[in-house]
Structure formats: structure tokens, C-alpha cells
Amino acid sequence: MSHPTPYNGAMKSKALYCPVILEPELEEEAALLTPSQRVDLAGKFERWARQLRVSAYILRRRHAPKTAGNPKNLKPIGRRKTSMN
């Protein structure tokens, strides 16, 4: 980079150009963060996203309609034992 000369004057400072466009809400959160802070925040969001996916999976399984018939983990009982019941 060349040094300013008396002929061209001092270089003007320009606003930093960012080629990435973020969603408005995310831009509000990340506007004042450094790149390393953004990486840390991304890691936090990834952990949270995984936790939300796992909890949704568990809740879906818990609230799923029960299947009709006998569960597969029960052993069949013979006729003689059932007649005693």
C-alpha cells in the first residue's frame, strides 16, 4: 500500500465491506462481535439446535399414538396358563 503524498491527500477510511448477508435478527445479535466471537456463538447455537432436535424426538415418541395389539417384548403364554386366569 502506498503512502499518502501531498498531491493525493490522506486516504479516507471506508466502512468495512462484508460480503455475507445475515438475517436481520441475527445481524442485530452479531453486529458487534469479532470473528472469533461469532465462531463461539455459532458453536453455542449448534449445541442448542442439537438439544432441541433430541428433545423434540423424545417428545414425539412419548406422545405418539400407541400401536394396537400386544407389544413385541411380551412372551406368549400357553393355553393351560391362560385357562387358569
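**Figure 1. Leu26, a partly exposed residue of helix α1 in a predicted model.** With a relative accessibility of 34%, Leu26 is classed as partly exposed, because that class runs between the 20% and 50% cut-offs. Its home is helix α1, which covers residues 24-30. Keep in mind that what you're looking at is a predicted model.

**Figure 2. A nonpolar patch on the surface.** Here Leu26 joins up with Phe45 and Trp48. Between them, these residues make a nonpolar surface patch of about 280 Å². Like Leu26, which sits at 34%, Phe45 is partly exposed, with a relative accessible area of 37%. Trp48 counts as partly exposed too, at 44%.

**Figure 3. Phe45 and Trp48 as an aromatic pair.** Search the whole structure and you'll find one aromatic pair. Its ring centres, those of Phe45 and Trp48, are 5.8 Å apart, and the ring planes meet at 50°, so this pair is called tilted. Why tilted? The angle of 50° falls between the 30 degrees that limits stacked pairs and the 60 degrees beyond which pairs are edge-to-face. Both partners belong to helix α2 (residues 35-62). They're three residues apart there, which is about one turn of the helix.

**Figure 4. The helices and how confident the prediction is.** Following the chain from its N terminus, you meet the elements in the order α-α-α; there are three helices and zero strands. Helix α2 has the highest mean pLDDT among these elements, at 93, while helix α3 (residues 79-83) has the lowest, at 80. For the chain, the mean is 79, with 71% of residues at 70 or more. Where pLDDT is low, it's best not to read the predicted coordinates in detail.

**Figure 5. The surface of the chain.** How much of this chain is buried? Just 1% of its 85 residues count as buried. The accessible surface adds up to about 9,500 Å², and carbon and sulfur atoms account for 58% of that.

Key. Residues numbered from 1 in each chain as written. Predicted model: local features only at pLDDT ≥ 70, side-chain atom pairs only at ≥ 80, totals over all residues. Heavy atoms only, no water. Phe/Tyr/Trp six-rings, centres within 6.5 Å; stacked < 30°, edge-to-face > 60°. Helix = DSSP H or I, 4+ residues; strand = E, 2+ residues; numbered from the N terminus. Buried < 20%, exposed > 50% of the residue type's maximum accessible area, 1.4 Å probe, protein only. Areas by Shrake-Rupley, 256 points an atom, 1.4 Å probe, with all protein chains shown as cover. Patch = residues over 30% accessible without salt bridge, like charges linked within 9 Å, V, L, I, M, F, W, Y side chains within 5 Å. Salt bridge = Lys/Arg side-chain N within 4 Å of Asp/Glu carboxyl O. pLDDT = per-residue confidence, 0-100.
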